[in-house]
Amino acid sequence: QVQLVESGGGSVQAGGSLRLSCTVSGYISSRYSMGWFRQAPGKEREGVATIYTGGSSTLYADSVKGRFTISQDNAKNTLYLQMNSLKPEDTAMYYCAADRRAILWSRATMNPADWAYWGQGTQVTVSL
């Protein structure tokens, strides 16, 4: 049984930083895709960043390029999202996702419906 557990959310002032973590338990595949998504109140869930666990390939939404960095520690089965220069519009519930399809990380659409496994989410609130 695959489980994803996020942590690291919180409240921060604009311009600040947070690092989210997502720990994976259970077997997905030898090489698979992982990603971070977010959902603000009243809005649809959207992709933030994705990564291929078999290498260092990543993809970012335009809204976070240059500010957020997705990374992984395969030895710890943990995915990270380093968020710098945070803005109030980054306020949302952040979700970790995974899928056994190794190519999924490269789809620029970052459609949440494509992803099989999800965590419960961690709240990020950015104030002025």
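A strand here is a DSSP run of E residues, at least two long, with numbering from the N terminus. With that in hand, here are some close-up views of this predicted model.

**View 1. Thr-122 sits in strand β11.** Let's begin with a single threonine. Strand β11 covers residues 122–127, and Thr-122 belongs to this strand. Thr-122 has a relative accessible area of 10%, so this residue is buried, the cut-off being under 20%. A polar atom of the Thr-122 side chain lies 3.1 Å from the backbone nitrogen of Gly-9. Gly-9 also appears among the contacts of Thr-122 beyond four places in sequence, together with Glu-6, Ser-7, Gly-8, Leu-20, Ala-92, Met-93 and Tyr-94.

**View 2. A disulfide joins Cys-22 to Cys-96.** Your eye can go straight to the two sulfur atoms, 2.1 Å apart. A search of the whole structure turns up 1 disulfide. Cys-22 lies in strand β3 (residues 18–25) and Cys-96 in strand β9 (residues 92–99), so the pair ties together parts that are 74 residues apart in sequence. The torsion about the S-S bond of Cys-22 and Cys-96 is about -70°, and the disulfide is therefore left-handed. As a reminder, a disulfide is a covalent bond between the sulfur atoms of two cysteines. Both partners, Cys-22 and Cys-96, are buried.

**View 3. The surroundings of Cys-22 in strand β3.** Now stay with one half of the pair. Cys-22 counts as buried because its relative accessibility is 0%. Apart from neighbours within four places in sequence, Cys-22 is in contact with Leu-4, Val-5, Glu-6, Met-34, Trp-36, Asn-77, Thr-78, Leu-79 and its disulfide partner Cys-96. Ala-97 is 75 residues away from Cys-22 along the chain, yet their C-alpha atoms are separated by 8.9 Å.

**View 4. The largest pocket is lined by 16 residues.** Finally, have a look at some open space. The largest pocket has a volume of about 210 Å³. Nearest its centre lie Ser-29, Tyr-32, Thr-53, Asn-74 and Asn-77. Asn-77 may ring a bell, as this residue is also one of the contacts of Cys-22. Strands β7 (68–73) and β8 (78–83) each supply at least two residues of the lining. Sorted by class, the lining of the largest pocket has 8 polar, 6 nonpolar and 2 charged residues.

Key. Residues are numbered from 1 along each chain as its sequence is written. This is a predicted model: local features need pLDDT of at least 70, side-chain atom pairs count only at pLDDT 80 or more; totals for chains, interfaces and linings use all residues. Side-chain values use heavy atoms; hydrogens and water are left out. Helices (H or I, at least four residues) and strands (E, at least two) are DSSP runs, numbered from the N terminus. Buried means under 20% relative accessible area, exposed over 50%, partly exposed in between (1.4 Å probe, protein chains only). A polar contact is a pair of N or O atoms within 3.5 Å; within protein, one must be able to donate a hydrogen and the other to accept it, and residues adjacent in sequence count only if both atoms are side-chain atoms. Contact means heavy atoms within 4.5 Å. On a 1 Å grid over the protein atoms alone, a cavity is a set of points where a 1.4 Å probe fits but cannot get out, and a pocket is an open set with protein on both sides within 12 Å along at least five of seven lines; lining residues have an atom within 4 Å of a point. Grid points are joined across faces, edges and corners, and a volume is the space filled by probe spheres set on the points. Ala, Val, Leu, Ile, Met, Phe, Trp, Tyr, Cys and Pro count as nonpolar, Asp, Glu, Lys and Arg as charged, and the others, Gly among them, as polar. A disulfide is a pair of cysteine sulfur atoms within 2.5 Å.
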